[in-house]
Structure formats: C-alpha cells, structure tokens
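Trainee: I am new to this structure and would like to learn how to read it. Could we go through it together, one feature at a time?

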Amino acid sequence: MPDSFITAVEWLNLPQAAPFPGKIARCHFAVTAYCDALFAELGVVFPSSLLRAVPKRRAEFLAGRYLASRVLDSLGYPHFTIEIGEDRAPRWPQTVRGSISHNQDTVLCVAQRYETSPPLGGVGIDVETLMEEQQALDFLPMIVNGAEYERLRRHPQLSLSVLLTLTFSAKESLFKMLYPQVGRLFGFLDAQLVSLNEEECRFTLELTMTLNERLRAGMRFEGVYQLRCHDILTFLYY
Ligand SMILES: CC(C)(COP(=O)(O)OP(=O)(O)OC[C@H]1O[C@@H](n2cnc3c(N)ncnc32)[C@H](O)[C@@H]1OP(=O)(O)O)[C@@H](O)C(=O)NCCC(=O)NCCS
C-alpha cells in the first residue's frame, strides 16, 4: 500500500444519519505523492478520458475509485470496476447505489447494497473545502435564492462562508443522489434549503422545480452534515 499517497480507510459513523444501512468511508490523499504507476498498484483502471487530465484530476479520480473499490469490497463486490457513465456519473453494480466526492486532499464514498434491483431512491455525498468569505459573496446569487438567503441569515453564529459552503455541498449531494433518476443536469436553484438544525447538524432541501414525474416541486429531502476546521461533509439518502 503506497501510504504516502493515500491514508488508511476510515469507516464513518454519522450518528445523525442512523439507521443508514450502507457504508460510508473517508481517506486522505496527497496530490504531491501522485504518479501514474499508482493506478496499477492500487488496482484501479486508468480511463482513457484522463489521458489529457492534469495530475490533480488523475489523483482525485484514483483516490475516489480506490476508496469506492474498498467500500464495494466490504459490500461483497470485490474487483468491480466502476466505469464512467453519462455526465460523469459512476456506474455502480446493478444492486448498489453509491456516491463519491473529493476535494484537494479528502475523498469520500458511500454505498448501499440491495438484495434485488434497488427501488427508487439513492444516496449522495459531498465534501467541500470552506469558501473564503469573498468567494461566498460572489457565489451567493448562483447558489441560493432570496428566501433561502433570508433563512440562512437566521443563523448568525455561522459565518457566510460556512452557510454558503454547506448549502452548496448539500445541493451537490442532492444532485448526485437524484441524477440516476433524473438523467440530466439540473441547477442549484432547482432546490432550496428550507431548514437547518445546527444542534443536530441536519438540513432539509426542497425541490423548487419538477424534475420528472416522481420528483416534483415541493418534495423534501433530509440530510446531515459534519463541519470540520477546513471542510464540510454533507450526506443525503432516501
Ligand atoms: C458533478 C458535481 C455535482 C460534483 O462535481 P465536483 O465539483 O467535481 O465535486 P465532487 O468531487 O464532490 O464530485 C465528483 C464526483 O461526483 C460523481 N459524479 C459526477 N457526475 C455525477 C453525476 N452526474 N451523477 C452522480 N455522480 C456524479 C463522480 O464520482 C465524481 O468523481 P469522479 O469523476 O472522480 O468519479 C458538479 O460538478 C456538477 O456538475 N454540479 C452541477 C449540478 C448541481 O450540482 N446541481 C445542483 C442541483 S440542486
């Protein structure tokens, strides 16, 4: 195991997410320790779409696929190659729902196994480095609508950086969770944060747009978050 590139797998137990019946894992990786030979060492297939990618992108992809392979292994799918699907969505085994996320040094993977083909539903996970205050101000109109902004302002104990990063991350988790059913991109203003519980580290997102026959405007999804010094993790499943 090339320890200098990737750390040991940490199996996460998000108490607020109980009773989630799948696995959530986290690793840290070092882009500076990356080299192409690590793909073979870690048993990950190098996809042709990465041929022109910079080392940072190769490193995060490798870390994500490596961690996902460890999670799938623990669910009874050793040696499964997760290919890249439409719009970059990972292709999981038919009886698995999963999600991957990375920032500059952290990678997360969640997956849940079903006995037969999964019912409707999914999982989404995301990790975001905390934005700078100015970056948060610049991104604000692209991430939240006016009503959401007013709701966020009711949490003065949290900085704008934390509030915006959290909302951004929650929506990315939602996107990854719903994409397999929606089958197309949808935007940050197609959902809004309608509640944030700081004590329990929970949030609720509501669709503002109907995405398909089942995912209609007004549908709500509960998620949880974990705030650390430099980043925020968000997680949703239904
Ligand atoms: C895909 C996206 C959600 C996250 O990408 P990112 O900024 O690179 O951030 P992350 O590292 O957290 O996630 C990347 C991983 O998400 C997964 N992913 C990418 N596209 C995906 C999709 N369409 N569906 C599900 N998962 C997807 C992949 O595993 C990817 O990593 P990989 O390419 O190394 O396999 C983002 O780029 C995007 O396209 N957002 C626009 C849509 C959106 O978020 N709308 C909000 C709706 S409320």
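Mentor: Gladly! Let us start with a term: a disulfide is a pair of cysteine sulfur atoms within 2.5 Å. In general, it is a covalent bond between the sulfur atoms of two cysteines. Two notes on reading: this is a predicted model, where local features need pLDDT of at least 70, side-chain atom pairs count only at pLDDT 80 or more, and totals for chains, interfaces and linings use all residues. Residues are numbered from 1 along each chain as its sequence is written, and side-chain values use heavy atoms, leaving out hydrogens and water.

Trainee: How many disulfides does a search of the whole structure find?

Mentor: Zero. Take Cys 201: the closest cysteine sulfur belongs to Cys 229 and is 14 Å away, too far for a bond. For Cys 27, the closest one is in Cys 109, at 9.8 Å, which is also too far.

Trainee: Is Cys 27 buried or exposed?

Mentor: The general idea is relative accessible area: buried means under 20%, exposed over 50%, and partly exposed in between, using a 1.4 Å probe and protein chains only. Cys 27 has a value of 1%, so this residue is buried. Cys 201, at 22%, counts as partly exposed.

Trainee: Which residues come nearest to the ligand?

Mentor: A residue is near a molecule if one of its heavy atoms lies within 4 Å of it. There are 20 residues around the ligand, and Arg 57, Arg 65, Ser 101, His 102 and Lys 176 come nearest.

Trainee: What polar contacts are there with the ligand?

Mentor: A polar contact here is a pair of N or O atoms within 3.5 Å. One ligand oxygen is 2.7 Å from a side-chain N or O atom of Arg 57. For the side chain of Ser 101, the distance from an N or O atom to a ligand oxygen is 2.6 Å. Asp 87 takes part through its backbone, with a polar atom 3.0 Å from a ligand nitrogen. Taken alone, the ligand exposes 920 Å², and the protein buries 86% of that; such areas come from the Shrake-Rupley method with a 1.4 Å probe.

Trainee: Which helix gives the largest share of the shell around the ligand?

Mentor: Helices are DSSP runs (H or I, at least four residues), as are strands (E, at least two), numbered from the N terminus. H5 gives the largest share, five residues. Helix H2 (55–74), strand S5 (96–102) and helix H5 (160–182) each supply at least two. Met 177 also has its place in helix H5, and at 1% relative accessibility this residue counts as buried.

Technical notes:
A polar contact is a pair of N or O atoms within 3.5 Å; within protein, one must be able to donate a hydrogen and the other to accept it, and residues adjacent in sequence count only if both atoms are side-chain atoms.
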